[in-house]
Amino acid sequence: MSDERNFRTYYYDKFGIGGVEERKSLEILLKEKPISVEKLKQFCLRFAMPAMYRNYVWKLTLDIICANPDSHDFQMKQRTQKYNDLKHAVQILRYAREDSPIGNVFLKMYLLESGQIKFEQYKYDCEFEDFVLIAATMANICEDMTDAYLVSVEFYKMFKKSKDSNEILKTSQCLKSEDGDRKLFDLFHKHDLWNSLPLHLWFESCFAGVLPETSIERIWDKVIGGAHGIVVFVAVAIFQTFKRPLLSMKSKDEMVQYLMELPEDCGDIIVTKALDIWSKHS
């Protein structure tokens, strides 16, 4: 019976359904007036988020809509008008075109809204590559583009505030503790992979563009709940998942190229492993 329950739970989580009791608990939280954002964050940390409520919960925890449900329709009308005005403005000012990638459009909108845009700067600014990756991923996760923009901006600002400058060191330490025979850990040091992989961008973008959208949602649930350090365990999970092929490679370039093109069908395996390691360490 236990094995059968675990089997069902895996597929509930995989398809975003969540356990029945967990979903009922979340629905009770969402019926409260006012809604307790702190309780929602705890839910994000403790349970799998049902896909049907993810967008709504993200907007609540990121303070895009307030804790009073009666105000949500009015707030979203105002937010939608602002989104339309910003999008129209960046097109009129020729910072973006109709066919511009949505991540770049969202970046120009954000820079214009926050007063950071430079009028002589018409091209893509690599300084905000992490924002573009997050925004492009969010646009694929959210059905509504207003929601995608709002969540991208607030997620980006929240995540930047919580950045840890020691993430690569912590990743190295975690890999050492998780790698039983230390073969993978030694391989990384032998070939200096720590300085060869774009780890800073992986961490800055919270693995947007690295993991598929259908898998990264589960990591971002935890980040939005407050577990910003989970990115360390995601990196370790990636390395562990591909330990065998990495150990068979002879050159650093081959290893880096392999890790830069992760198979999309391994996303769920990586995220599940990352959550297991995070749960153990936290």
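Let me begin with a single residue: Asp130 counts as buried, because its relative accessibility is 5%, and, since this is a predicted model, please take that value as computed from the predicted coordinates. Asp130 lies in helix H7, and if we leave aside its neighbours within four places in sequence, Asp130 is in contact with Tyr156, Lys160, Leu201, Glu204 and Ser205.

Turning to the helix itself, H7 covers residues 129–141, that is 13 residues, and from its first C-alpha to its last it reaches 19 Å, which is close to the 18 Å expected at 1.5 Å a residue. Asp130 is joined on the list of buried residues in H7 by Phe131, Val132, Ile134, Ala135, Thr137, Met138, Ala139 and Ile141. And what do the buried residues of H7 pack against? Their partners are helix H4 (51–61), H6, helix H8 (145–161), helix H11 (199–204) and helix H12 (213–225).

H6 brings me to a helix pair. In general, two packed helices are described by the angle between their axes and the distance between the axes. For H5, residues 72–92, and H6, residues 102–113, the axes come within 9 Å and cross at roughly 105°, which means that H5 is roughly perpendicular to H6. On the H5 side the contact is made by Lys82, Tyr83, Leu86, Lys87, Ala89 and Val90, and these meet Val105, Phe106, Lys108, Met109, Leu112 and Glu113 in H6. By class, the residues of this contact divide into 8 nonpolar, no polar and 4 charged.

Next, the core. The largest nonpolar core has 92 residues, and those with the most contacts inside it are Phe155, Phe207, Trp220, Ile238 and Phe239; helix H13, residues 230–241, supplies the largest share of this core, with 10 residues. To take one of those well-connected residues, Phe207 is in contact with Trp202, Ile216, Val231, Val234, Ala235 and Ile238, again leaving aside neighbours within four places in sequence.

Finally, some backbone details. Most residues other than glycine have a negative phi, and most peptide bonds are trans. Against that background, Asp63 is not a glycine and yet has a positive phi of about 65°, and Cys206, also not a glycine, has a positive phi of about 55°. Asp63 sits in the loop between H4 and H5 and counts as exposed because its relative accessibility is 61%, whereas Cys206, in the loop between H11 and H12, is buried, with a relative accessible area of 0%. As for the peptide bonds, a cis bond joins Lys33 and Pro34, with omega about -5°, and Pro34 is placed in the loop between helix H2 (20–31) and helix H3 (37–46).

Definitions and conventions. Residues numbered from 1 in each chain as written. Predicted model: local features only at pLDDT ≥ 70, side-chain atom pairs only at ≥ 80, totals over all residues. Heavy atoms only, no water. Axes fitted to C-alpha atoms, helices over the stretch in contact; angles between N-to-C directions. Helix = DSSP H or I, 4+ residues; strand = E, 2+ residues; numbered from the N terminus. Parallel < 35°, antiparallel > 145°, perpendicular 65-115°, else oblique. Contact = heavy atoms within 4.5 Å. Nonpolar A, V, L, I, M, F, W, Y, C, P; charged D, E, K, R; others polar. Expected span 1.5 Å × (residues − 1). Buried < 20%, exposed > 50% of the residue type's maximum accessible area, 1.4 Å probe, protein only. Core = buried A, V, L, I, M, F, W, Y, C linked by side-chain atoms within 4.5 Å.
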